[in-house]
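Student: Could we go through the aromatic rings and the internal space of this model together?
Tutor: Certainly; let us look at the structure.

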Amino acid sequence: MRYKFIEEKIINLFMIAATLVVFGFFASIIWIIAKTGFPSLTWEMISSLPGGGFYLGREGGILNAITGSLMIVFTSTLLGLVISIPIVFYMNVYLKKTSRLAYWARLSFDVLYGIPSIVYGAFGFIIMILLGLKASLAGGIIVITFLIVPILVRSMDEVAKSVSKDLLDASYSLGATRLETCKVVLRQIMPGIATATLLSVGRAIGDAAGVMFTAGFTDNIPTSLDEPAATLSLSVFFQLSSPIPEVRERAYAAALLLTIIVLVLSIAGRIITNRFSKNKIK
């Protein structure tokens with residue numbers, strides 16, 4: 001008994017230490033970005049387009065990158081949900097738990113989940129060449145949709161698999177069709193959908209490699225799908241590689257803004273998840 005008590009104390013210490021290390025890394029990242037970028041994060045920078053000498057440390061802002069990121073991310077997320085939700089329902093409602101098709105589908109999405117975004121960018125670039133597209137807003141939307149669909153499917157699928165089989169049987173016993181049963185499952189997995197969407201948006205808005213070949217970069221706000229679109233991640237990348245100190249400070253300011261956006265989305269996602277969890281049958 002004495003040995004087990006000591007062992008538990010040691011394990012508790014390790015868990016506390018690991019938590020403190022992770023929190024320390026998080027706090028240090030936020031502190032470095034905020035300390036370096038906050039002095040350059042002005043309203044002019046957020047609300048204006050790059051000027052003629054912006055990349056030489058002169059006037060202008062990153063409104064083009066903010067707008068481009070939001071346009072790509074939210075459109076891609078919407079398309080990803082339209083594609084992913086039917087796949088999740090098919091694997092968990094229409095197919096049996098022991099279905100080999102469901103097994104291989106999950107394995108395929110696991111592999112796609114781990115593929116680096118640069119590979120998606122190269123694949124999207126090939127698709128764009130075949131379709132005769134140039135680097136544009138449409139290209140960025142296509143590659144980011146490819147990137148987040150595996151994240152959405154696997155995240156929602158894990159939640160859908162936890163739905164009680166008794167709930168499905170009860171739905172069928174009342175004469176409900178599989179499509180009507182999907183509505184019951186949808187109500188149960190709404191917290192999972194909110195969490196999966198949050199993970200996808202966080203991954204998409206911070207991706208630079210995927211959109212580098214497909215979305216291009218511009219100092220203007222795109223007004224159509226065939227025009228290039230700037231993103232915050234590429235804005236940080238290009239400015240951080242500049243030899244001019246003022247430009248590098250703006251890169252940290254853009255990184256701070258990107259971090260704030262992800263933080264706001266995380267808090268909003270947590271609120272939405274808690275709200276939908278009230279309707280979940282336990």
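**Ring pairs and a cavity**

Tutor: Tyr90 and Tyr94 are 4 residues apart in helix 3, so about one helical turn separates them (helices are DSSP runs of H or I with at least four residues, numbered from the N terminus). This is a predicted model: local features need pLDDT of at least 70, side-chain atom pairs count only at pLDDT 80 or more, and totals for chains, interfaces and linings use all residues. Residues are numbered from 1 along each chain as its sequence is written, and side-chain values use heavy atoms, leaving out hydrogens and water.

Student: Is Tyr90 buried or exposed?
Tutor: Tyr90 is partly exposed, at a relative accessible area of 41% (buried is under 20%, exposed over 50%, partly exposed in between, with a 1.4 Å probe and protein chains only). Tyr94 is also partly exposed, at 33%.

Student: What about Phe125 and Phe213?
Tutor: They form a tilted aromatic pair, 6.5 Å centre to centre with 55° between the planes (ring centres of Phe, Tyr or Trp, the last by its six-membered ring, lie within 6.5 Å; planes under 30 degrees apart are stacked, over 60 edge-to-face, the rest tilted).

Student: Which parts does that pair tie together?
Tutor: Phe125 lies in helix 5 (residues 117-131) and Phe213 in helix 9 (residues 209-214), so the pair ties together parts 88 residues apart in sequence.

Student: Any clusters of rings? Which residues are linked?
Tutor: Ring pairs link Phe217, Phe237 and Phe238 into a cluster.

Methods. Helices (H or I, at least four residues) and strands (E, at least two) are DSSP runs, numbered from the N terminus.
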